[in-house]
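Student: I'd like a close look at the strand pairing in this model, please, followed by a few of its side-chain contacts.

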Amino acid sequence: MVLQARTVAVVFLVFIAGCTGAGGPTPETGTTASPAATSTTAPTATTLSPQTVASVNGTLEVHFINVGQSVSTLLIAPNGETMLIDTGDFRDDGEHVLSYLQAHNIDRIDYLVTSHADADHIGGNAAIIDYFETQADGIGAVYDPGITSTSQTYEAYLDAVEQQDVALYRTQAGDKIQMGDVTSQVLSPPEGYLANEDRNENSIVLMTQFGASQFLFTGDAEHEAEEYLVDTYGSKLHSTVLKTGHHGSGGSTTAPFLAAVQPNVAVVSSAYDSQYGHPNEETLSRLAAQSVPTYWTATHGTIVFESDGQRVTVRTQRDAPTEPTRLREGMPIEPGTTGEVTARTTITTNGTVATLTPVATDGGTETETPSASLAVADVHADAAGADTDNLNDEYIVFENTGTDTLDVSGWSVSDTAGRTYTFPSGTTLDAGATVTLHTGTGTDTSTDYYWGSGSAIWNNGGDTITVTDNTGAVVLEEAYA
């Protein structure tokens, strides 16, 4: 099976270039238009000149979906065309991404871009292809740098491409994807590849331009790819928004690269408790040295940028620190958490100079909603005897101090260490009612709920109780000593 799938990969990636995507828009394939193309000439930097602001209409949306230790980015152009860059981790099998697309009524993916073949980027490729080809309006075409993998996830991805007869294009520097007024230039990998065909260093790197706003998507590119980009494009890399390479690893977002890109804001997509230590503290320090406000999917949740060609509005599920070296001070938000995004900042740019303006929020509306009526009535952190032997005697009592019934379905309770409990669907508190959250295991009732933890949660010497609603917004934060 593996050998057969590898054969399919070679056939699709080499010989399908230049063909029209199955039922989708005709891709512009640049130097890959002919299978025999062998040119190694680098694209000229002048291809990255910003468009005239007056020449664009409508809004480009760029959604960085919160998928934990992974990445998935959805672009929705003003003309309705869509691009999906990567599909999350293999352990989720596309569940978070597919749910997000369905929630946003996306019925077709015109361009599915695989930045590279690592399983934490193509985890949902097979599921996404199968779903859109069999239950929705299809996949226009798939774009791939052409360096294969032996993983089962990669094999499943290629099997889905073959079974659903979706066009697959080998993609390299010089190629272009046009979605109306939105132009996405492929800056890397070059013909011949970099770093002995290392998958990360040969990620598809896209510069997406809409008016004077520019978004740089880097996959898992690290220092060798960044060096190539700086040498090839120089200051033309300047971007409004930078998706940091390789989840903010220490080998990415190097100082020379940042100096060339000069991003107005940066985005890191990784897990809060990343086993790899992403984002790396050195990377965050480099971003801080250039005063780049940074958004992190692990604390801000899903991050949505809306551009009219000159003004870019930043929306997030949760308000959290954006100073790079303070990112970890934000509270974690679970991957796949649903809920609305709220405007935080507006970036106004002419393509070279930008100003950032915080978006004023009306706190009055928030204080009038039932969410403001939740309070901590009691904390019993020190259970009788040994905590681990009497976990249900460790508990928090919450009270609805408002005058309306409060629906806390999907609301999460967390401690300073980031351990989280989520109230099940249908959990409500009448005015004046209380609910007790026990640490141990038991059967939920209307007044008592059970965390299900096998160890103590609340620190006897003091801790902080944080409650977030089902949009990820903090509605209660109370410390006890």
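Tutor: Happy to! Let's begin with strand 19 (residues 395-400) and strand 24 (residues 434-438), which run antiparallel and are joined by five bridges. Strands here are DSSP runs of E, at least two residues long, numbered from the N terminus, and two of them pair if DSSP finds at least two bridges between them. The model is predicted, so to speak of local features a pLDDT of at least 70 is needed, and side-chain atom pairs count only at 80 or more, while totals for chains, interfaces and linings use all residues. Numbering starts from 1 along each chain as its sequence is written, and side-chain values use heavy atoms, with hydrogens and water left out.

To place one bridge exactly, look at Phe398, whose partner in strand 24 is Val435. Now step back to the whole sheet: four strands lie in the order 18-19-24-25, and the sheet is open, with mixed pairing. Strand 18 (374-380) and strand 25 (448-450) are the edge strands; each has a single partner strand, so one side of each lacks a neighbour in the sheet. On average, neighbouring strands of this sheet are turned by 25 degrees against each other, direction ignored.

From there, let's move to Gln178, which sits in strand 7 (residues 176-179). Gln178 has 25% relative accessibility and therefore counts as partly exposed (buried is under 20% relative accessible area, exposed over 50%, partly exposed in between, with a 1.4 Å probe and protein chains only). The side chain of Gln178 has two partners to follow. One is the side chain of Thr183, joined to that of Gln178 by a polar contact of 2.7 Å (a donor and acceptor pair of N or O atoms within 3.5 Å). The other is the backbone oxygen of Val182, which the side chain of Gln178 reaches at 3.5 Å. Looking back along the chain, Tyr111 is 67 residues from Gln178, and the C-alpha atoms of Gln178 and Tyr111 are separated by 10.0 Å.

One more stop is Ser203, located in the loop between strand 8 (182-188) and strand 9 (205-210). While Gln178 is partly exposed, Ser203 is buried, because its relative accessible area is 0%. Its side chain also has a backbone partner: the side chain of Ser203 reaches the backbone nitrogen of Asp220 at 3.1 Å. So when you turn the model, try starting from the bridge of Phe398 and Val435, then find Gln178 with Thr183, and finish at Ser203 with Asp220.

Methods. Axes fitted to C-alpha atoms, helices over the stretch in contact; angles between N-to-C directions.
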